[in-house]
Amino acid sequence: MLINWKIRLNDKINKIRVAARGEPVDRVPVWVMRQAGRYLPEFQEVRAQHDFFTVCQTPALACQVTLQPIERFDLDASIIFSDILVIPQAMGLKVEMAAGMGPVLPQPLANPNDLARLVQPNVEEALKYVGDAITLTRHKLDGKVPLIGFTGAPWTLMGYMIQGGGSSTMAKARSWLYKYPEDSHKLLQMITDVIVDYLVMQVKAGAQLLQVFESSGDYLDDALFTNYSFKYLKQISKRVREQLREANIPEVPMIVFPKGATMNSLGILAKDQSYEVIGLDWTVDSTEARERLGPNVTLQGNMDPCAMYSSQDEVVDRAQKMVKSFGKDRYIANLGHGILPDIPIPSMEAFIKGVHSV
């Protein structure tokens with residue numbers, strides 16, 4: 001199946017892209033990170049039959065679970081079901097999904113000598129299954145809502161590749177920035193090169209927006225963020241847009257989600273305007289963000305995922321207050337991180353209701 005680039009989704013219903021460009025919308029668009037996931041019983045049924053990476057690597061299954069929240073909720077966007085760690089996999093590292101632990105890389109990078117173990121893959125071959133899932137899903141959506149593609153950011157992926165999994169301190173990965181600065185940049189550039197090809201491939205396959213997850217932004221101060229995160233985030237945006245223009249493919253809005261980044265670091269991103277949208281985590285004050293990040297960037301977020309444990313009425317009220325605090329212009333509603341696996345279904349319904357009722 002191929003995407004006909006002369007056929008563009010009607011932007012009257014594509015509220016996400018309209019909001020990303022700063023144009024007025026009749027109601028605030030909303031989607032939720034990890035909206036295709038463990039809180040859905042239909043997703044759990046799929047996972048009972050298939051392991052996590054089998055779902056990621058089987059386009060029909062990835063499409064199926066991507067569509068599950070769209071079939072159930074009045075969401076304004078879908079996001080392809082995949083994982084940020086498909087990039088380390090493509091670069092030659094083994095990644096396992098351990099029960100009760102999350103992702104584990106049993107042979108992480110211990111020192112710069114281990115960079116020799118990494119490969120620079122042909123992305124269109126190594127990650128073809130993601131592109132196939134995107135194209136299949138785009139056809140199945142049939143214009144109902146736009147489809148978001150995504151990747152992890154270089155620093156976030158570097159952290160997993162060195163730590164061997166998640167970490168509460170990122171001490172091993174951060175120590176590289178001090179002990180091995182040149183090799184850290186070498187690794188980050190290797191990852192960046194793969195990410196650029198990966199995102200371009202996703203747009204060619206049919207993704208209509210892209211989000212870059214800098215999920216480990218909270219482990220960097222402003223100086224480290226500038227040197228080891230922003231430098232590569234900026235490069236990704238620039239190179240992706242250049243390659244799309246060269247291929248005569250329409251550019252798509254790009255979202256960056258620097259979880260835990262300081263307000264100064266967020267300001268660096270906003271001033272640069274490499275990304276149309278900046279995602280905010282739940283710790284960021286909406287009023288301060290509007291004042292300090294300026295009028296030329298769309299903001300996304302940022303209700304505390306744990307607030308979804310409130311009563312349904314309270315969830316509706318919190319969602320309404322969130323939208324009013326950000327304002328309807330240049331705003332996309334979301335949680336401040338991914339939805340948690342035991343959130344009640346009615347809470348998701350209440351959240352969307354609250355957003356759309358303002």
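This passage describes the annotated segment, the nonpolar core, the largest pocket and several individual residues of a predicted model.

An unreviewed UniProt entry carries the annotation "domain: Uroporphyrinogen decarboxylase (URO-D)", which in that record covers residues 29-38. In the predicted model, this span contains 0% helix and 0% strand, and the C-alpha atoms at its two ends lie 23 Å apart. Several residues of the span reappear below, including Arg34 and Arg38 in the description of the pocket, Pro29 among the contacts of Ala19, and Ala36 among those of Thr66.

The largest nonpolar core comprises 136 residues, and those with the most contacts inside this core are Met161, Leu187 and Phe351. Helix H10, which runs over residues 181-205, supplies the largest share of the core, namely 13 residues. In soluble globular proteins, nonpolar side chains tend to be buried together. When residues up to four places away in sequence are not counted, Leu187 touches Leu109, Leu115, Leu118, Met158, Met161, Ile162 and Trp176; Met161, one of these partners, is itself named with Leu187 among the residues that have the most contacts inside the core.

The largest pocket has a volume of about 1,300 Å³. Of the 40 residues that line this pocket, Arg34, Arg38, Asp83, Pro103 and Tyr160 are the closest to its centre. The elements that contribute two or more residues to the lining are helix H2 (41-49), strand S2 (96-98) and strand S3 (102-104). By residue class, the lining divides into 23 nonpolar, eleven polar and six charged residues.

Two buried residues in helices were examined for their contacts beyond the local sequence. Ala19 is found in helix H1, which spans residues 15-20, and this residue is counted as buried because its relative accessible area is 2%, under the 20% limit. With residues up to four places away in sequence set aside, Ala19 touches Val25, Pro29, Thr298, Arg330, Tyr331 and Ile332. The C-alpha atom of Ala19 is also separated by 9.8 Å from that of Pro253, although the two residues are 234 residues apart along the chain. Thr66, in helix H4 (residues 59-72), is likewise buried, with a relative accessible area of 1%. Not counting residues up to four places away in sequence, the contacts of Thr66 are Ala36, Ser78, Ile79, Ile80, Phe81, Thr137 and Leu147. For one of these partners, Ile79, the C-alpha to C-alpha distance from Thr66 is 6.6 Å, and the pair is 13 residues apart in sequence.

Gly338 occupies the loop between strand S9 (331-335) and helix H15 (345-356) and, at 3% relative accessibility, counts as buried. Leaving aside its neighbours within four places in sequence, Gly338 is in contact with Met33, Arg34 and Pro305, and Arg34 is also one of the residues closest to the centre of the largest pocket. The C-alpha atoms of Gly338 and Val104, which are 234 residues apart along the chain, are separated by 19 Å.

Particular backbone geometries were found at three sites. A cis peptide bond, with omega of about -15°, joins Gly301 and Asn302, and Asn302 lies in strand S8 (residues 298-303). Met170, although not a glycine, has a positive phi of about 55°; this methionine is placed in the loop between helix H8 (154-163) and helix H9 (171-179) and counts as buried at 3% relative accessibility. Arg330, also not a glycine, has a positive phi of about 50° and lies in the loop between helix H14 (312-326) and strand S9. With a relative accessible area of 19%, Arg330 is classed as buried because that class takes in values under 20%; as noted above, Arg330 is also among the contacts of Ala19.

Arg318 lies in helix H14 and is partly exposed, with a relative accessible area of 39%. When residues up to four places away in sequence are not counted, Arg318 touches Met303, Ala307 and Ser310. The C-alpha atoms of Arg318 and Met303, 15 residues apart along the chain, are separated by 7.9 Å.

Note on methods: Residues are numbered from 1 along each chain as its sequence is written. This is a predicted model: local features need pLDDT of at least 70, side-chain atom pairs count only at pLDDT 80 or more; totals for chains, interfaces and linings use all residues. Side-chain values use heavy atoms; hydrogens and water are left out. UniProt positions are given in the numbering used here, feature names are shortened, and annotations may be inferred rather than shown by experiment. Helices (H or I, at least four residues) and strands (E, at least two) are DSSP runs, numbered from the N terminus. A nonpolar core is a set of buried Ala, Val, Leu, Ile, Met, Phe, Trp, Tyr and Cys residues joined through side-chain atoms within 4.5 Å. Buried means under 20% relative accessible area, exposed over 50%, partly exposed in between (1.4 Å probe, protein chains only). Contact means heavy atoms within 4.5 Å. On a 1 Å grid over the protein atoms alone, a cavity is a set of points where a 1.4 Å probe fits but cannot get out, and a pocket is an open set with protein on both sides within 12 Å along at least five of seven lines; lining residues have an atom within 4 Å of a point. Grid points are joined across faces, edges and corners, and a volume is the space filled by probe spheres set on the points. Ala, Val, Leu, Ile, Met, Phe, Trp, Tyr, Cys and Pro count as nonpolar, Asp, Glu, Lys and Arg as charged, and the others, Gly among them, as polar.
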